[in-house]
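Please open the model in your viewer and keep the selection tool at hand. We will go from stop to stop, selecting one piece at a time.

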Amino acid sequence: MRAKKTGSKGQRVKGSKSEGFKNTDTLTLGRSDTIIVHGTIKGKRVPSRILEEQIQHTVQEGARQLHIISDGQHGIGGRIWSREGTVKIAVEGPVGQRLGSMGMPGTEIIVKGSVSDDVGWLNCGAKITVLGDATNGAWNAAAQGTLYVQGSGGARCDTMTKHNPRFDPPQSWYFRDVGDSFAEFKAGGIAVICGVNPRNPKNIIGYRPCVGMVGGTIYFRGPIQGYSEKDVKLVGLTPQDWEWLKTNMKPFLEAVDRESHYNELTKSSDDWKKIIAYTPQEKRGRKWLGVSLPDFRKNMWDKEVGSGGIFAEYLNHELSLLPYITAGTDRRNRPIWANEKFAPPCAYACPTHIPSHKRASLIRQGKLNEALELVLQYSPLPATVCGEICPNLCMQACTRARLDKPLAIDKLGELSLDLPAPEKAAPTGHKIAVIGGGPAGMSVAWQLALKGHTVDLYESSGKLGGKIELCIPRERLPHEILEKEISRFKELGVNLHLNMKVDKNKFKEIYSGHDVVALACGAHQPRKISFPGSEDTVSAYDFLKDINLGKKPELKGRRVVVIGAGNVGMDAASEAYNSGAESVVAVDIQKPSAFGEEMKIAMAKGTQALWPRLTDRYDKKDRKLFFKDGSSIDADFVVMAIGDIPQLDFLPPSVHTEKGWIPVTENYQTSDVKVFAIGDVTGLGLVTNAIGQGRLAADYINYQIMHAPRWPEIKQPIAYERIKTEYYDACRGDFTIEKEADKCMSCAACRDCRMCEATCYWQAISRVEHKDGSYEYVVDDNICIGCGFCAGICPCGVWEMVENV
Amino acid sequence: MEPASGLRLDHNHKLSLREFPYIVRWRDDRCKRCGQCTAVCPVKAIEATVKVQRYVSSEGASPAPKAERKVIQIVEQVTDMERYCTGCGACTLVCPNEAIEPEFNPQNKFLHYKNKGGEGYKRGGRRNDPSISTLDRLKFTRISMLTDPALDAGRHEFRIRTLLGRILPPEELPLKIENNKLSINKDSAKFIPPVREIYPIMIGSMSIGALSPPMWEGLAMGVSYLNEVEGMPVVMCSGEGGMPPRLLKSKYLKYFIIQIASGYFGWDEIIHALPHMVEDPAAIEIKYGQGAKPGDGGLLMAQKVLNLIASIRGVPQFIDLASPPTHQTKYSIEEAVAKMIQSMSMAWGFRVPVYPKISGSRTARAVLNNLARNPYAAALSIDGEDGGTGAAYNVSMDKMGHPIASNLRECYLDLVKQGKQNELPLIAAGGVGKKGNLAANAAALIMLGASAVSIGKYIMQAAADCFGDEYNRCNLCNTGKCPRGITTQDPKLYRRLDSDKVAERVVETFKAADVELRKIFAPMGRSTELPIGMSDGLSTDDKAMAKRLGINYAC
């Protein structure tokens, strides 16, 4: 193969022989012969291509010593491989660029003068000696071999040199100095700059050397003016460096004919410096900034603008940093165990503010008696009102209604029926008069008596109970319940003055004989509108009162019309049916305002509602009630149920009235500070309203005469959303008192369930029990991060989050 | 009788999470209920609550139901529009278990509902428009390898600088030759305007007040560092909130442009500091408009006006500070420009460049042409619609304003027509670096004709990790609840922010931008002279855009 290849090549070379070999001296080559190759023939420059062909051919033919008289040809001496021995090439005359480029091992080139640019470009092993200067770009991308330069290097020498581990690293030796931008992107190889007689005595490696240098070594001797500090570092020579330099200095100096400088150049390793590239690890580990910012702040910023920076004089907090999650005073929000800060919906909705949640809590604690007694502190008639006739606003508002059905507060009220009257406080010596023995009067008298005041109660009829006694159908309120509670009321020791109609004089007497007078005389004068035939109608008040007094009207087979479809109208309708009426129609000028039990019972009995109807006249003879729209209805018996008004003719002028009613302040005080008014006398309302007003008025009266702290303050209701109904399972089934107590969601009042304590991830919540048996949940502010989990999961809505200011 | 309160149901006006801009994805299986997310949420959009789960199972060979009931604790997103999740992701940041993350909901109907009480939606940030802006559609297509000297950004030395101030043409300079040396004839009555050599990317006006103390100081320190340590003459504008006396009286004042705006906040304190100044400021900027919210003014809420802000602005504490959309004593261009530039120049003995800033507008050329005739006008800063702000009506931010590219271009070409393109510098701003391409956007604006660009939102994102983006993420700047501590005066929040770190990031950002600018300018053969107006180097793949900007269309 090899022979064949050589042959074919030989043939090819032969083909061009006739022209190409004219400038060689001999064609018969011996090993020791020096072949002279001319770059100029007859004054004509040989093209670089032809010269290259001749050199290659000559070597192929066996020449090992060439002498080339060049004339600026490109790339002389490169790409020669000798197969055996060394090819020695001497070059004289002007050389072109890239002398010795892609030079191979076994090639030795000696240039008898200076070279042009890029000498030794991409050298792969040739040994090049320049007995003069090298211009720009010397040794660019050299990978192996040696470059000896007797003079200086130009700009951009030794750039992109490499070291292939398969071979020795390339070496470049410059006897004097090198120009600017030396060793850019140098990746390997050794450069030596001896610094003898430099062109620039202040800088022997030029301007900005070593930019992008990542490998290799530069030894130099003499002053420099900087280098690419981010790429390379300047260090001293190690003994190994020094040994290497001394050893290799000799052949270099011999080659460039400067042996005489050997001693000078190897005098001391201290004369020499070494530049090596930073390793990638060093670069990555390097601080990004020359001056760290904390140092800049300390030494430059604060020094100039003042300690703590430009804003320090205005800031009153620590200048330290805070994490995103903070505790203590740095929290954005903090939790508060706001037990009973708000009212539960039931207590808020109840005009008397009966705390049913407390009742449930006591039952859950096993204190059943205390629980049932509790209500007597609020109302003298729990069984009658809560248990029977009240529409139970508390239950309408009950949070539990949002889950299944409201707590059976009515039944709890009923359970208090058999309890005795509570203990009274020690006598205070104050005397209070209550005019009217209905629910309002009983309530205010009850409360004041409990507080230890002496109470005189004046009632015009012979019985206590007012309209409860007189007007509420017995089927809605079993009479024995009322009687039982009235007898308990009597146990309290209120001085009862029954059948005592109060007139002007009597009032004057009562007024002067008591600290305070509470008017609770109700509205016992039926309102009537007059139209033709209205005198033939009967008021609901009288109708119902007569029935309760045992005077039942005979309505069998009669058609009854009730004018006014409110709750009293409904009671009248029911009683009409009870008295044998054939039909009852309730007419109203607007949508019937009746609701609750009254409505339910009346409707169940067959009461029809007719509206809107404005009554025009009643014809008793025709037994017809006519309306303004011309229509009429059969009416054997007409009850007018459009409300009652108070009788106030006994009042002195100091008690101001308006349109027949007594206006009061929010504390139920009339224009006469000594006189309070509660119940229907201030405007028609529910029995529960009357009882509530009685309690609140008593509270204020007590405050006024005793200068006692006022209780209870009116709390705002808790928002339903804060009660976590999720904790409770929807229940059906029978009423048992224990079950009911457990069902209570304890709105706004701590159930003591410890959910918060268990939930707090940071263990910041603990339960603290006090000596008096009370407890509270406390937060360790140093641990709490203000996440709001306690508030979010509290079944009762007790925990709340506030801004931590 | 009315039913008891709270029982009224109105599902129609109850919002589902589908209407909200961000839906919090919470993972039950990862959460350990430590509460860090709810503690950190700036708007209380999430809270702990309980839910009940009920399972009925049946085991065995015949139906045998067994009911199991469990109340679990969860982290729930609230559906109250006043507490909407802004998507800031502070929860994600603090969650140790990667259990929570807000997710953008592209179907949200946020703007349909965010008007409670009849008040339009207000926010901070910038235009919510995630599409690619003009600036990001410009490419540098003049790549010289063999035609011009190709430069190597890594190897060659670059000096990227610009001039701020009016540059007199040589023929107008009062020069004299003395002893064969050219020098300025100082006896000439001719006014020689002050000029500063600065870095072409500057930090735009963000006030003390809009920014928290550590943010503003961090920027100021970073800028000073760049000048003092790195030798990069970056300048920063104060914004309209005055400047602390400590800085006014320091040598670093020369790196700051002081802004005066319609609220004139802090100016009496600045005037009081005048006798104590050891350096002149870099320039004075008169703000007439803000690109982010043309027609809308500023309002610093009373709760932000604490001792610091009050002292620096020269106002009492706990009052609302309004910067009206317009100046109160200027009724025409002539009057506004002449009067203000004169006064501000006079304050520093005509040694400081004074220039107005306007919002990008169809009328920008009218302002420019007026300035061109005013020998004291040092520059014109135009702020395009993609600029940011601390507080504005959403409508002003999203729907008002002019993109910067064509606005700047037509102004520059107007100057070219008058032969004054090298005399009156144009500063461009508004959306530079909106998508993160700071150097490219800056270079594009420079090649369209800007002498310098201003950045705001970009530096907040780069230097302090501002959460905001163009999907309306966070944008809480106006509320004082900035979870990053950038735009709040609440120490609990701003003490999260390390001003040293901010400064360091400013330095890193500018150094990196400098490298990138070199990478852009090197192939165009520019290493020392800024390619201002070198529009032949720009191309776009949109024909209409190319035509409007007078640049090459390439596809």
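Before the first selection, one cut-off: a residue is called buried here if 20 or more other C-beta atoms lie within 10 Å of its own. Keep in mind as well that this is a predicted model.

**Stop 1: helix α8 of chain A**

Select residues 356-364 of chain A, which make up helix α8. Which residues of this helix are buried? They are A:S356, A:H357, A:R359, A:A360, A:S361 and A:I363. Now show the surroundings: these buried residues pack against α7 (345-349), α9 (368-374), α11 (393-397), α12 (409-414) and α21 (737-743) of chain A. Step just past the end of α8(A) to find A:G366, whose phi is positive, at about 85°.

**Stop 2: helix α13 of chain A**

Next, select residues 439-450 of chain A, helix α13. From its first C-alpha to its last, this helix of 12 residues reaches 16 Å, close to the 16 Å expected at 1.5 Å a residue. How many of its residues are buried? The count is 12 of 12, and the helix is mostly covered. Colour A:M442, A:W446 and A:L450 if you would like some examples, as they are among the buried residues. A:P439, A:G441 and A:Q447 are also included in that set.

To see what covers the buried residues of α13(A), display its neighbours, which include strands β15 (431-435), β16 (454-458) and β18 (516-519) of chain A. Helices α14 (466-470), α15 (479-491) and α20 (687-706) of chain A are also included in the cover. Just after α13(A), look for A:G452, which takes a positive phi of about 100°.

**Stop 3: strand β6 of chain A and its partners**

Move to residues 107-111 of chain A, strand β6. Four of its five residues are buried, so the strand is largely enclosed by the rest of the structure. Add strand β5 (residues 87-92) of chain A: β5(A) and β6(A) pair in the parallel sense over five bridges. In this pairing, A:V111 of β6(A) has A:V91 opposite. Then add strand β7 (residues 124-130) of chain A, which pairs with β6(A) in the parallel sense over four bridges. Here, A:K127 in β7(A) is the residue opposite A:E108.

**Stop 4: a sheet in chain B**

Switch to chain B and select its strands β6, β22 and β23, which form an open sheet in the order β6-β22-β23 with mixed pairing. β6 (138-140) and β23 (552-553) of chain B stand at the edges, each with a single partner strand, so one side of each has no neighbour in the sheet. Zoom in on β6(B) and strand β22 (residues 538-540) of chain B, which run antiparallel and are joined by three bridges. B:F140 has B:L538 in β22(B) as its bridge partner.

**Stop 5: where the chains touch**

Show both chains: the contact takes 54 residues from chain B and 49 residues from chain A. Which helix gives the most to the side of chain B that touches chain A? Select helix α4 (residues 213-228) of chain B, which contributes seven residues. By type, this side of chain B divides into 25 nonpolar, 12 polar and 17 charged residues.

**Stop 6: the domains**

Finally, zoom out and colour by domain. Chain B is divided into domain 1 (11-120) and domain 2 (135-390 + 399-462 + 483-553), with 44 Å between their centres, taken over C-alpha atoms. Chain A is divided into domain 1 (132-283), domain 2 (345-419 + 719-743), domain 3 (431-523 + 646-706) and domain 4 (525-645). The centres of domain 1 and domain 3 of chain A, taken over C-alpha atoms, are separated by 117 Å.

Notes: Residues are numbered from 1 along each chain as its sequence is written. Chains are lettered from A and ligands numbered from 1 in the order in which they are written. This is a predicted model: local features need pLDDT of at least 70, side-chain atom pairs count only at pLDDT 80 or more; totals for chains, interfaces and linings use all residues. Helices (H or I, at least four residues) and strands (E, at least two) are DSSP runs, numbered from the N terminus. Two strands pair if DSSP finds at least two bridges between them. Domain bounds come from an automatic or database domain assignment. Two residues are in contact if their C-beta atoms, placed from the backbone, lie within 7 Å. Ala, Val, Leu, Ile, Met, Phe, Trp, Tyr, Cys and Pro count as nonpolar, Asp, Glu, Lys and Arg as charged, and the others, Gly among them, as polar. The expected span of a helix is 1.5 Å times one less than its number of residues.
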